[in-house]
Amino acid sequence: MSNKVTTLITTDKAVANNAKRLSICLRSNGFSFSIVTLDQVLLTFGQADFDFNLQLGELSQAIKDFFVENDINTFEMRQMSLIVPSDNFAWIPEHLYDAAYDRQYLKMVGNPDMNLGTYHCYVPLLGSCMAFSAQTTIIAAFKIALPGIDVHSQHTILVNETLMKRSMQHPLMVMHVRSEMTDIEAFYANQLLLSNSFVSRTRDEMLYHTIDVMKQLHLETPDMELAICGDVDRELYGFLQHYFPNVTLYTGRPTSFINSEFNTFPTYKHALLLS
């Protein structure tokens, strides 16, 4: 498989602010990425098919070459984040956390794949760390190619100040849809109540898990908001509206843009990059 850009929308460099954040979100056959100014102006979005089945040195060089060939100067970035979807993770309060026990934490919540590496990320908003498992070679290659890049799971991105504040008004459940999986974060009164991932091969399975979480946490109120993002289409949106009175699309933090090509950009599909 060759490495190629399948989508690229960008903004004239003359109007680009130097204080930028590069976010990269892995998927099974490549990655998507965005460049956003620190005052939340979307400058660039891209999607790429990428061959990850390479040795570490070859893969890190391929990642470097990719950004150079697409005229993206990663040295200009003030912040860089790599978002790695993970199905095996654990939240640990900061005062109890010890990085030496990451694998033990993961064994407490499931059976971690021994072929995967363990990583962690601190979330100041919660005063907690998340330990999670992910593919070692890919992450190592990005760290070599892009020195200083931070590594996150999807959950550490979805637990953010914007969503916590929204939960001050009413119960809020955030559903991130990806291939055969549903990630759910539940908030109320500025508190995180649940953060979990569920196997969801069908819409009915997705619905079951969402309703089950809602009932277990007693969030069945008329004003509860179900905010959805990720692999969402019109049919899924309509399906969920039959069961929940207040379904919205979560699009990440409020974002503006200069390039008119972003007028029809589906921000809800890429909320992880914009959160």
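## Helix α2: two sides

Lys-107 and Met-108 are exposed, sitting on the other side of α2 from its buried residues. Here, exposed means over 50% relative accessible area, buried means under 20%, and partly exposed is anything in between (1.4 Å probe, protein chains only). Helices and strands are DSSP runs numbered from the N terminus: H or I over at least four residues for a helix, E over at least two for a strand. By that scheme, α2 covers residues 102-109, and its buried residues are Asp-102, Tyr-105 and Leu-106. Looking down the axis of α2, these fall within an arc of 95°, so they line one face of the helix; the arc is taken from the directions running from the helix axis to the C-beta atoms. That fits the usual geometry: an α-helix has 3.6 residues a turn, so residues three or four places apart point the same way. The buried residues of α2 pack against β6 (89-93), β7 and β8, with contact meaning heavy atoms within 4.5 Å.

## What you're looking at

This is a predicted model, so local features need pLDDT of at least 70 and side-chain atom pairs count only at pLDDT 80 or more, while totals for chains, interfaces and linings use all residues. Numbering runs from 1 along each chain as its sequence is written, and side-chain values use heavy atoms, with hydrogens and water left out.

## The largest pocket

How much space lies in the largest pocket? About 840 Å³. The search runs on a 1 Å grid over the protein atoms alone: a cavity is a set of points where a 1.4 Å probe fits but cannot get out, a pocket is an open set with protein on both sides within 12 Å along at least five of seven lines, and lining residues have an atom within 4 Å of a point. Points are joined across faces, edges and corners, and the volume is the space filled by probe spheres set on them.

The largest pocket has 31 lining residues, and the closest to its centre are Leu-26, Arg-27, Ser-28, Pro-85 and Arg-178. Elements giving two or more residues to this lining are β2 (20-27), β8 (128-134), α3 (136-145), β10 (172-178) and α8 (271-274). By class, the lining has 15 nonpolar, eleven polar and five charged residues. For that split, Ala, Val, Leu, Ile, Met, Phe, Trp, Tyr, Cys and Pro are nonpolar, Asp, Glu, Lys and Arg are charged, and the others, Gly among them, are polar.

## The second largest pocket

The second largest pocket holds about 530 Å³. Its lining runs to 22 residues, and His-152, Thr-156, Ile-157, Arg-253 and Ser-275 lie nearest the centre. Several elements give two or more residues to this lining, among them β2, β7 (117-123), α4 (154-158) and α8. The largest share, three residues, comes from β5. The class count here is ten nonpolar, eight polar and four charged.

## Aromatic pairs

The structure holds 16 aromatic pairs. Rings of Phe, Tyr and Trp (its six-membered ring) pair if their centres lie within 6.5 Å; planes under 30 degrees apart are stacked, over 60 edge-to-face, and the rest tilted. Phe-31 and Phe-66 have ring centres 5.2 Å apart and planes at 80°, so this pair is edge-to-face. Phe-31 sits in strand β3 and Phe-66 in helix α1 (residues 56-69), so the pair ties together parts 35 residues apart in sequence. Both rings belong to buried residues: Phe-31 has a relative accessible area of 0%, and Phe-66 comes in at 4%.

Phe-257 and Phe-262 make a tilted pair, 6.0 Å centre to centre with 55° between the planes. Phe-257 is partly exposed at 35%, whereas Phe-262 is buried at 3%. There's also an aromatic cluster made of Phe-31, Phe-33, Phe-50, Phe-52, Phe-66, Phe-67 and Phe-142.

## Ile-24 and its surroundings

Is Ile-24, in strand β2, buried or exposed? Buried, with a relative accessible area of 0%. Beyond its neighbours within four places in sequence, Ile-24 contacts residues including Phe-31, Phe-33, Phe-67, Phe-142 and Leu-273.

## Two positive phi values

Most residues other than glycine have a negative phi. Gln-40 has a positive one, near 70°, in the loop between β3 (30-37) and β4 (41-49). Gln-40 is buried, at 8% relative accessibility. His-218 also has a positive phi, near 55°, and lies in the loop between α6 (203-216) and β13 (225-230). His-218 is exposed, at 67%.
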